[in-house]
Amino acid sequence: MSGFNFFEGILADAPKAPVKVSSRSLRSAIEEALIHSYTRRDLEVVLDEELKLSWLLAGSKPTDEVFTKRDVIQGYTRGWDLPRLVALARRITAELEVTGTLLADLEALLNEYDRGGGVGSPAKNLIFAANGPKPDLVLRDAVNNDIEIVRNAEFCLVFDQPIPADGLTYSTLIEWWRKRQGFDEAMSARDVGLDLHQRLRDSLGDNPVELKVFDAYAARYKDGFDIPALIPQVYLHFDPATQRARQTSGQSGSPLARQRMDFLILFSSRHRVVLEVDGKQHYANGDTASPTLYSEMVAEDRRLRLAGYEVYRFGGAELMRDDAGTMLAGFFDQLAERMR
């Protein structure tokens, strides 16, 4: 009689359950890939010189003989959240000599992670925090999607570096701001961060509800700058024609809704969260409710969500309540936990 088991055959042909992506499962796959691909000595070189990771264990060195390969890897990645581990896994699959099932396991986790949503392509142009007239943009090279600001560039900021795979943190913005402003290396990150904070805050003018959101998030930097930055007044679309010019030509306003996002958080190069603060102008003409304005707003929300963004709205009235600060702190805690 054959040794074939009928039930084993059914199970073998059944579709496999999706790989569960968590910090634990991804960390394990990363460690296994590195442990079985490199010698102890080569692993030190790869982590330090090739991947340029920072050693996190004070009072020790990765060359200490007491450390195993796994200890060394954990010494460079201890405390990392899921987006940072995802970014490291992407670099390992793209840059290192990991092959076979080790590579396949990492790629399976990354593919499942990507199925969870997010924007499909990396950010190319980050124009934000205008504290004066809006920038006048032209498409300098349509083939390469190169944008140039030909007027009012002095009023806005342009982050001119690639968005890191693990997101745009405030510490990254601080170092960018240090170089942009020519601050001395001796100037502390805190002082550079305070200067940048004030420049970003200036872009909100005297809008009390947007300032409340910005200040509530900025309070989180007290625990460290290595968290995703809250970026104000980010340009999403650009309509070169004025409303008056369009109306003169018989058109009804701008064809592009929401040219500027109130706030953007880049939790990774793919996972982007938009925060919108709604005053009456979003849904009313003066004191009269406008179904047209409301429909334009929700239609744009749908478009953004389908493009991979997450959109969260705050009503101006709820931000004027006495408990608004507590509400915002709780929201940002939950958002950070959700994006881990």
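In this predicted model, Gln233 is buried, with a relative accessible area of 4%. Gln233 is part of strand 5, which covers residues 230-235. Its backbone deserves a second look, since the phi of Gln233 is near 55 degrees, a positive value in a residue that is not glycine. Most residues other than glycine have a negative phi. Lys52 also has a positive phi, of about 55 degrees, and Lys52 is not a glycine either. The surroundings of Lys52 can be described in turn: Lys52 sits in the loop between helix 3 (40-50) and helix 4 (69-77). Is Lys52 buried or exposed? With a relative accessible area of 64%, Lys52 is exposed, because exposed means over 50%. Gln233, at 4%, counts as buried because its value is under 20%.

A wider view of the chain helps to place these residues. The secondary structure comprises 13 helices and ten strands. The chain has 340 residues, and 40% of them count as buried. The accessible surface of the chain amounts to about 19200 Å², and carbon and sulfur atoms make up 52% of this surface. Contacts can also be sorted by how far apart the partners are in sequence. Among contacts in the chain with a separation of 6 or more, 61% are between residues 24 or more positions apart.

Charged side chains come next. Side chains of opposite charge can pair when their charged atoms come close. How many salt bridges does the chain have? The count comes to 16 salt bridges. One of them joins the side chains of Arg41 and Glu44, with 2.9 Å from N to O. Both residues belong to helix 3, where they are three residues apart, or about one turn of the helix. Arg41 counts as exposed, at 52% relative accessibility, whereas Glu44 is buried, with a relative accessible area of 9%. The cut-offs explain these labels: Arg41 is exposed because 52% is over 50%, and Glu44 is buried because 9% is under 20%.

Another salt bridge is formed by Glu310 and Arg338, whose closest N and O atoms are 2.7 Å apart. This pair links distant parts of the chain, with Glu310 in strand 10 (residues 310-315) and Arg338 in helix 13 (residues 324-338), 28 residues apart. A salt bridge also brings together the side chains of Arg321 and Asp323, at 3.2 Å from N to O. Here Arg321 is partly exposed, with a relative accessible area of 43%, and Asp323 is partly exposed as well, at 38% relative accessibility.

Salt bridges can involve more than a pair, as Glu31, Glu32 and Arg70 are linked in a network of them. Glu31 appears again beside Arg27, a residue of helix 2 (residues 23-35). Arg27 is buried yet has no salt bridge, and Glu31, the nearest side chain of opposite charge, is 4.2 Å away. Why is this pair not a salt bridge? A salt bridge needs the side-chain nitrogen and the carboxyl oxygen within 4 Å, so the 4.2 Å between Arg27 and Glu31 does not qualify. Which residues does Arg27 touch, leaving aside its neighbours within four places in sequence? Arg27 is in contact with Thr77, Arg78, Gly79, Trp80 and Leu85.

Helix 7 offers a simple check of geometry. Its twelve residues (residues 170-181) should span 16 Å at 1.5 Å a residue, and the end C-alpha atoms are 16 Å apart, which agrees. The buried residues in helix 7 are Tyr170, Leu173, Ile174, Trp176, Trp177 and Arg178. What covers these buried residues? The cover includes strand 1 (126-128), strand 4 (157-159) and helix 8 (189-202). Just after helix 7 comes Gly182, which takes a positive phi of about 75 degrees.

Aromatic rings bring the view back to helix 7. The count of aromatic pairs in the chain comes to 13. One of these pairs is formed by Trp176 and Trp177, and it is tilted, with 5.9 Å centre to centre and 45 degrees between the planes. Both of these tryptophans are buried. Tyr170, also buried in helix 7, belongs to an aromatic cluster together with Tyr217, Tyr221, Phe225, Tyr312, Phe314, Phe331 and Phe332.

Note on methods. Residues numbered from 1 in each chain as written. Predicted model: local features only at pLDDT ≥ 70, side-chain atom pairs only at ≥ 80, totals over all residues. Heavy atoms only, no water. Helix = DSSP H or I, 4+ residues; strand = E, 2+ residues; numbered from the N terminus. Buried < 20%, exposed > 50% of the residue type's maximum accessible area, 1.4 Å probe, protein only. Contact = heavy atoms within 4.5 Å. Areas by Shrake-Rupley, 256 points an atom, 1.4 Å probe, with all protein chains shown as cover. Expected span 1.5 Å × (residues − 1). Lys, Arg positive; Asp, Glu negative; His and termini not counted. Phe/Tyr/Trp six-rings, centres within 6.5 Å; stacked < 30°, edge-to-face > 60°.
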